[in-house]
Amino acid sequence: MSQTIIDKITEQQSNLPGREGFLAEFTDRSMAEFRRLGIPAVKHEEWRYTRVSGLFRLEMGFGTGTSVTAADIDAHRLPDHEEATELVFIDGRFAPALSNIRHNEKELVVMPLSDAATGEHADKIRAHLGHSAAYHPDGIQALNAAFAGIGLFVMVRKGFATEKPIYIYCIADSRTGYVFAQPRTLFLVEAATQVMVAEHYVTLGSGESFTNEVFELCAEQDAVVEYVKIQDEGPMASHVGTTHVRQTGRCLTNAVTISLSGRMVRNNLNMVMEVEHGESHMHGLSLLNGETLVDNHTIVDNMQPHCQSNELYKAVLDEASTGVFNGKIFVRKDAQKTNAYQSNKNILIGEKASANTKPQLEIFADDVKCSHGCTVGRLDEEAMFYLRARGLGEASARALLLHAFAADILDRIGHEPLRRYVDRLVSQRLAYDIHNGQ
Amino acid sequence: MYEENDDILQQVTTSEYKYGFVTQIESDDAPKGLSEDIVRFISGKKNEPEWLLEWRLKAYRHWLTMEEPTWPNVDYPPINYQDIIYYSAPKQKLAPNSLDEIDPELRRTFEKLGISLQEQKRLTGVAVDAVIDSVSVATTFKDELAKQGIIFCSMSEAVQEHPELIRKYIGSVVPTTDNYFTALNSAVFSDGSFCYIPAGVRCPMELSTYFRINAANTGQFERTLIVAEAGSYVSYLEGCTAPMRDENQLHAAVVEIFAGEKAEVKYSTVQNWYPGDKEGKGGIYNFVTKRGLCQGDHSKISWTQVETGSSITWKYPSVILKGDHSIGEFYSVAVTNNFQQADTGTKMIHLGSHTRSRIVSKGISAGRSNNSYRGLVQVARKADHARNFSQCDSLLLGDKCGAHTFPYIEVKNPTGIVEHEATTSKIGEDQIFYCNQRGVDTESAVALIINGFAKEVMNQLPMEFAVEAQKLLAISLEGSVG
C-alpha cells in the first residue's frame with residue numbers, strides 16, 4: 001500500500017466528527033494501529049485464502065453520504081418495514097434523514113457515537129467500544145475503528161420486548177465511482193429485553209465498492225437477541241464485516257449470516273460468552289456463483305462454565321466460486337461443562353469451484369464436550385435419482401435438493417416475514433440457476 | 001485382563017522413563033557448531049562421493065537463508081545451532097565383520113532396550129538396523145534379505161555400495177529446500193537406513209531401525225529412504241529412545257518413501273525419546289519431516305505412529321497421492337504429559353484420480369501439556385473422485401492441559417468427497433464408575449479406557465510393537481489420574 005493512499009485515508013480520518021475526548025483518543029490510537037499493522041497479506045494466517053490488498057487503490061472515494069434518496073432504498077427494504085425501525089447508512093455514514101425510528105424514546109436510543117461518547121452514555125461507550133479489536137488484531141479492523149467518529153450508537157432499553165424489528169441498511173453507492181464505506185455500530189441490549197435486528201447490505205449501481213464494517217453488540221442479563229445479516233451486494237462489491245457479540249449476562253444470542261453475492265466477502269462473527277449458562281447459536285449460508293469468494297470466520301470464546309454453543313455453516317458453490325470457512329472454538333481453563341458443537345457442510349457444483357475449510361478447536365478445560373465436523377462433496381446421487389425417477393428434470397431436482405440443503409439455515413431465522421423474504425431470495429437464485437443451466 | 005492391568009500398573013509405579021540410562025562408550029565427535037567445514041568434515045568422515053558433498057553444501061547454503069518456522073503451536077527457547085555437536089560416532093573398530101566384533105558395551109545397550117542384535121533370536125523375525133547417535137552400528141539379517149534382492153543397510157553403506165540408487169532417490173520426495181529442518185538435515189545428516197525392495201518382492205520380515213541418542217550435546221540427524229518398486233511390499237518399524245539429560249537435544253530426521261505401481265509400504269513408529277522430567281527440564285526436540293510418494297497407480301503408503309516421548313514434537317507424516325487409485329493412510333496416537341508439547345498430524349495431497357485417504361488421529365493430553373492436531377487434506381483440480389475421511393479425537397486428563405485441532409481442508413474438484421470429524425472430551429465418569437463397580441480401580445480403569453480409545457490405531461501396529469506401545473501409553477500417563 002503506497003504512502004499516498006495512507007495519506008489520503010489519514011486526511012479523511014482527521015476531518016471526521018468526534019474529534020474530542022475518549023472517541024478522539026480511540027480513533028487516533030486505532031489509526032496508529034492501522035499504520036503499524038498495515039493491510040493483511042496472504043501470509044497472515046487469518047487471511048490465507050482472502051486477498052484484500054488489491055482493494056486499496058488511489059481512486060477509492062469515501063462518498064458524501066448524500067447521493068441517495070428514499071426511493072433508491074425502496075427496492076431493498078425488508079418485509080414489514082412500515083412497522084420497523086429503519087436505520088440507514090450511506091457509504092458508511094449514518095443518514096438520519098433517510099432513517100425511520102418507529103420505537104419510542106423510552107424503548108430505543110439512537111444517536112451518533114460522537115454525541116454518545118460525550119453525553120450520559122459515555123461510560124458505556126468506554127466499556128464496549130472496540131472490544132472486538134482483541135479478536136482481530138489486523139489492520140482492516142483497526143482502520144474501521146479509526147473511522148468510528150461517524151459511527152452509530154443504538155441502545156435497547158431495559159425490560160423492553162417487541163415484535164417490531166430493527167432494520168439496518170448499509171448502502172454503498174457505486175454509481176459515481178469506487179466507493180469505500182466503513183459503517184460502525186455499537187449496539188447495546190440492556191437486561192430483560194427481546195430484540196430482533198437485521199442488517200441488509202446492498203450496492204447501488206454496478207460499480208466497484210468496498211465495505212468494511214464493524215458491528216459490536218453487547219447483550220446483558222436475560223436478553224434474547226436475534227441477529228440476521230443479509231449480504232446481497234453487487235457483483236463488483238467487496239465486503240469485510242465483523243459482527244462481535246458479547247454476552248455480559250446470562251442470555252441467548254442467535255446469529256444467522258446469509259451471503260449471496262459480491263466479489264469478495266469476508267464475514268467475521270464472534271460470540272464472546274463471558275458469563276455462566278450463556279447460550280449462542282450461529283448459522284450461516286453461502287449461495288455462490290460466478291467468481292465470488294465468501295470467507296466465513298467465526299470465533300466462540302467460552303470463558304465461563306456451563307455455556308452452550310451450536311454452529312452450522314453451509315455453502316453451495318457453483319461455477320468458479322470459492323467458499324472458505326474457519327471456525328474457532330476456544331474453551332478457557334475455567335469453562336468446565338462447556339458444550340460446543342460446530343459443523344460445516346459444502347456442496348461443490350461448479351467445475352472450478354473450491355472449498356477451503358478449517359474448523360479449529362482450542363481447548364484448555366477437561367470436562368467439556370466439543371466436536372466439529374466438516375464435509376465437502378457433491379449432491380447425493382441417489383437422492384437425485386429418486387427425484388429423476390419421479391419425473392423431475394435434472395435442474396429442478398437439483399434446485400429442490402439444494403433448497404432443502406439451505407432450509408436448515410433458513411429455518412433458523414425466527415422472524416417469520418424475514419424468513420420468507422430470505423427464502424424468496426434463495427429460491428430466486430436457485431431458479432435462476434436452472435434457467436442458466438438449460 | 002486383571003493380570004494385564006496389574007502388569008501395566010507395576011510398570012507404571014516403577015518406571016518413569018526406563019530408557020534413561022547412559023552407555024559409557026567412547027565416541028568420536030566433531031567439534032561443536034555448524035559451518036561449511038563441519039559439513040565437509042562429516043562428508044569426509046563418511047568417505048562420500050563429490051556429488052553428495054555438493055548436495056550437502058547446497059542444502060547448507062540454502063539453510064542459511066531460511067528462518068526457523070514459528071507457526072507450530074509449540075513454545076521453546078531459541079535453539080543455538082552453534083552449540084550442537086553435529087557428528088558423534090561410537091568409537092569402534094572400523095567396519096565390523098560380524099556382530100561379535102561390535103563393542104560389547106554397545107551390544108548391552110541394545111539388549112537393555114530389548115532390541116535383538118543377535119541373530120540367533122530368529123524367533124522375533126525382525127531385521128534391525130541400529131543407529132546410535134549418528135551412526136548405524138549394526139544391521140541384522142542382511143544376507144538373508146539380499147537373497148531376495150532386498151537391500152537393507154545403513155545410509156552410509158548404501159552411499160558406498162549403491163550410489164546410483166541413492167543419487168536417484170535421495171531428496172526426490174522431500175527436497176532439501178522443503179523446510180528449515182530438512183535443509184539442516186540434508187546438510188549434516190550422518191546416517192540412517194536405506195531400504196530397497198525390488199519389483200514384485202514381498203519382504204519376508206519386518207524391517208526395523210532403532211535410533212538412540214547417547215552422547216550429550218549432540219543432535220541426531222538421520223535420513224531414512226525406502227524405495228518400494230512396482231508390486232513390492234514392505235513393513236517398516238522405527239523406534240527411538242534417549243538418555244535422561246537436563247539439556248534439550250535436537251533430533252531432526254527426514255524419512256522419504258517412494259512407492260511404485262501397486263507397491264505397498266507400511267511405516268510404523270513408536271517414538272519414545274526422552275520427554276523431559278516432571279518440571280519440563282530437558283527432553284528431545286523432535287522436528288521430523290516424513291513424506292511418502294505414491295508415484296505409481298494403485299500404490300499404498302500407510303503411516304502408523306505412537307508418539308509418547310519428546311519434549312516437543314513437530315511432525316507431519318504425509319502422503320502425496322500422485323498415482324491413480326493410490327491410497328494414503330495415517331494412524332496416530334499422540335500422548336503428552338507434564339510439560340510436553342506436540343504439534344503433529346498429516347498431509348494428504350490428492351493429485352491422481354480415484355485416490356483415497358484415511359486419517360485417524362487420537363490425542364491424549366495430561367499434566368500441563370499441549371497436544372495439537374494439524375492436518376491438511378488437499379484435493380487438486382484434476383483429482384477426480386478423490387475420497388478422504390478424517391477423524392481426530394482428543395482426550396483431556398486434567399484441567400491444566402490443552403487440546404487443539406487445526407485441520408485444513410482444501411478441495412478444488414467437485415467430484416471429491418471429504419469428511420472430517422473431531423471431538424474433544426474427558427474420560428466419562430460413568431465409564432470409570434462401571435469399571436470401579438466391577439472391582440477395577442481407577443488407575444487401571446483409566447489405562448483400560450485409554451487403550452480402548454487408542455485401539456483403532458494400535459490395531460494397525462505389528463504385534464511386537466503393539467505390546468510395547470500399549471505399555472508405553474500407560475507409563476506416559478503415570479500419575480496423571482486422580
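Two strands pair if DSSP finds at least two bridges between them. Strands, like helices, are DSSP runs numbered from the N terminus (strands E, at least two residues; helices H or I, at least four).

I'm working on a predicted model, where local features need pLDDT of at least 70, side-chain atom pairs count only at pLDDT 80 or more, and totals for chains, interfaces and linings use all residues. Residues are numbered from 1 along each chain as its sequence is written, with chains lettered from A and ligands numbered from 1 in the order in which they are written.

**Entry: strand E22 of chain B**

I looked up the partners of E22(B) (residues 387-397). Strand E24 (residues 417-426) of chain B runs parallel to E22(B), joined by 10 bridges. There, Leu395(B) sits opposite Ser425(B). Strand E20 (residues 356-366) of chain B is also parallel to E22(B), with 11 bridges; Ser390(B) faces Ile359(B) in that pairing.

Burial next: E22(B) is largely enclosed by the rest of the structure, because eight of its 11 residues are buried (20 or more other C-beta atoms within 10 Å of a residue's own; 12 or fewer is exposed, in between partly exposed; C-beta atoms placed from the backbone).

**Entry: where the chains meet**

I counted contacts (C-beta atoms, placed from the backbone, within 7 Å). Chain A puts in 31 residues and chain B 28 residues. On the chain A side, E19 (354-363) and E20 (369-377) are the elements giving two or more residues, and E19(A) has the largest share with 10 residues. I get 13 nonpolar, 10 polar and eight charged residues on that side (nonpolar: Ala, Val, Leu, Ile, Met, Phe, Trp, Tyr, Cys and Pro; charged: Asp, Glu, Lys and Arg; polar: the others, Gly among them).

E20(A) also pairs across to E24(B), antiparallel, through seven bridges. Thr375(A) has Glu419(B) as its bridge partner.

**Entry: core and domains**

The largest nonpolar core (buried Ala, Val, Leu, Ile, Met, Phe, Trp, Tyr and Cys joined through C-beta atoms within 7 Å) has 242 residues, and Val331(A) and Ile257(B) are among those with the most contacts inside it. It lies between domain 1 (3-275) and domain 2 (383-438) of chain A, because both give residues to it. Those bounds come from an automatic or database domain assignment.

I noted that the C-alpha centres of these two domains of chain A are 31 Å apart. Across their boundary, 14 residues of domain 1 of chain A contact 12 residues of domain 2 of chain A. On the domain 1 side, 10 are nonpolar, one polar and three charged.

Terms used: Two residues are in contact if their C-beta atoms, placed from the backbone, lie within 7 Å.
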